[in-house]
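Grab a coffee and work through a few exercises on one protein model. Try each task yourself before you read the solution.

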Amino acid sequence: MTADIMMESMYDYFACPSCHHDLAQERSESGHSEDEHLSCLNCRVRYAVQDGIPDFLADPEKEHAEEGIAVDVNNAIALFRREIDPESRSSGRLFDQEVKRTGASFLDIGCGIGRHLLVLRSNGLQNMLGFDVMPELVRIARNDYDLANVFVANATRIPIRNASIDFCLLYNVIEHCKDPGKVLEEIRRVLKKDGTLYMDVPNARSMGDRIFRWGGITIYGKTSHIQTFTLKKFRKLLQNAGFEIEELKTARGIFIDYPQLERFGWLRKIVTFLFGNEVSGWEFKLRKTH
Ligand SMILES: [Zn+2]
């Protein structure tokens, strides 16, 4: 095994999410895992490590995670588990084209229970990290799918060193974020000079996204898609955030992602028949502009 593909620890990448300075790993005398934490050498803020999972969320971010990201955690988990195939070597996404770069570092932002990290691992990649704002999902990624380099953090305050990541993944995330511009700014910071961001965005004008938002409001009284984008609006956001489009893929088809609607399979068929060829969203390969 060469140094290139040696398993790297997420601790080698960590920096304080507030001031970006180095963190020290500390463990109290008693040696229990609940007494482990990371401490910023500059601003002195401490971050707890529980059962091997570092948690970088500030208290207001925890509240946002609960109220805004998923309308129903158990519902989301059931949905995510159905999508997982731990053996799959393909995600069907644009980032699959990079899975031969064995020495490269990947950061999956909003990794959930680990679906993209599992695809990377199935391709033999070792140098990958993932985080999510929802601790429940990160625990499943670590405990059920044995993904080591996962942690809890917010995409507007990424606890990673400047210019240390080759590839960032941001799938099914930006539409859930309060401040999408800040998220892109943070990604720009952690990416290396020639780093790449792969991401997707739903088309707010699509029938699928409208049904998704309408369904969320109908079933839960709120939707988890708090941002809506048209291609024009999103291009503007990218430009302001300092990214240029290297590749753009139009996603077609419709989705209705509510397990409760499964018994209405005929409805899905009718809607797909009527609107199946509409643009449901876009996928991007993005590069930092210099
Ligand atoms: Zn700090």
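Below are five exercises, each with a worked solution.

Some ground rules come before the tasks. Residues are numbered from 1 along each chain as its sequence is written. This is a predicted model, so local features need pLDDT of at least 70, side-chain atom pairs count only at pLDDT 80 or more, and totals for chains, interfaces and linings use all residues.

**Exercise 1. Find out how many helices and strands the protein has, and what its mean pLDDT is.**

Step 1: Count the DSSP runs, taking helices as H or I over at least four residues and strands as E over at least two, numbered from the N terminus. You should get 8 helices and 11 strands.

Step 2: Check pLDDT, the predictor's confidence in each residue, from 0 to 100. The mean is 87, and 89% of the residues reach 70 or more.

Step 3: Look at residues 1-6, where pLDDT stays under 50. With contact meaning C-beta atoms, placed from the backbone, within 7 Å, the model has 6 contacts beyond four places in sequence for that stretch.

**Exercise 2. Work out the strand order in the sheet of 4 strands and in the sheet of 7 strands.**

Step 1: Call two strands paired if DSSP finds at least two bridges between them. The 4 strands give an open, antiparallel sheet in the order β1-β2-β3-β4. Its edge strands, each pairing on one side only, are β1 (23-27) and β4 (53-54).

Step 2: Zoom in on β3 (residues 46-50), which is joined to β4 by 2 bridges. Here Val 49 sits opposite Pro 54 of β4.

Step 3: Now take the 7 strands, an open sheet with mixed pairing, ordered β7-β6-β5-β8-β9-β11-β10. At the edges are β7 (150-152) and β10 (243-252). From one strand to the next, the twist averages 15°.

Step 4: Follow β8 to β9 (residues 191-202): the two run parallel and share 5 bridges. Cys 168 has Leu 197 in β9 as its bridge partner.

**Exercise 3. Is helix α3 mostly covered or mostly uncovered?**

Step 1: Use the cut-offs: a residue is buried if 20 or more other C-beta atoms lie within 10 Å of its own, exposed if 12 or fewer, and partly exposed in between.

Step 2: Apply them to α3 (residues 115-122), and 6 of its 8 residues turn out buried, making the helix mostly covered. Those are Arg 115, His 116, Leu 117, Leu 118, Val 119 and Leu 120.

Step 3: See what they pack against: α2 (73-83), β5 (106-109), β6 (128-132), α4 (135-143) and β8 (165-170).

Step 4: Move past the helix to Gly 124, whose phi is positive, near 90°.

**Exercise 4. Which residues touch the most other members of the largest nonpolar core?**

Step 1: Build the core from buried Ala, Val, Leu, Ile, Met, Phe, Trp, Tyr and Cys residues joined through C-beta atoms within 7 Å. The largest one has 64 residues, and the top scorers are Ala 141, Cys 168, Leu 169, Leu 170, Leu 197 and Met 199.

Step 2: Bring in the domains, whose bounds come from an automatic or database assignment. Domain 1 (1-50) and domain 2 (66-288) both supply residues, so this core lies between them.

**Exercise 5. Why does Ile 187 count as buried?**

Step 1: Locate Ile 187 in helix α5 (residues 180-190).

Step 2: Count neighbours: Ile 187 is buried because it has 26 C-beta neighbours inside 10 Å.

Step 3: List its contacts, leaving aside neighbours within four places in sequence: Cys 168, Leu 170 and Leu 197.

Methods. Two residues are in contact if their C-beta atoms, placed from the backbone, lie within 7 Å. Axes are lines fitted to C-alpha atoms, for helices over the stretch in contact, and angles run from 0 to 180 degrees between N-to-C directions.
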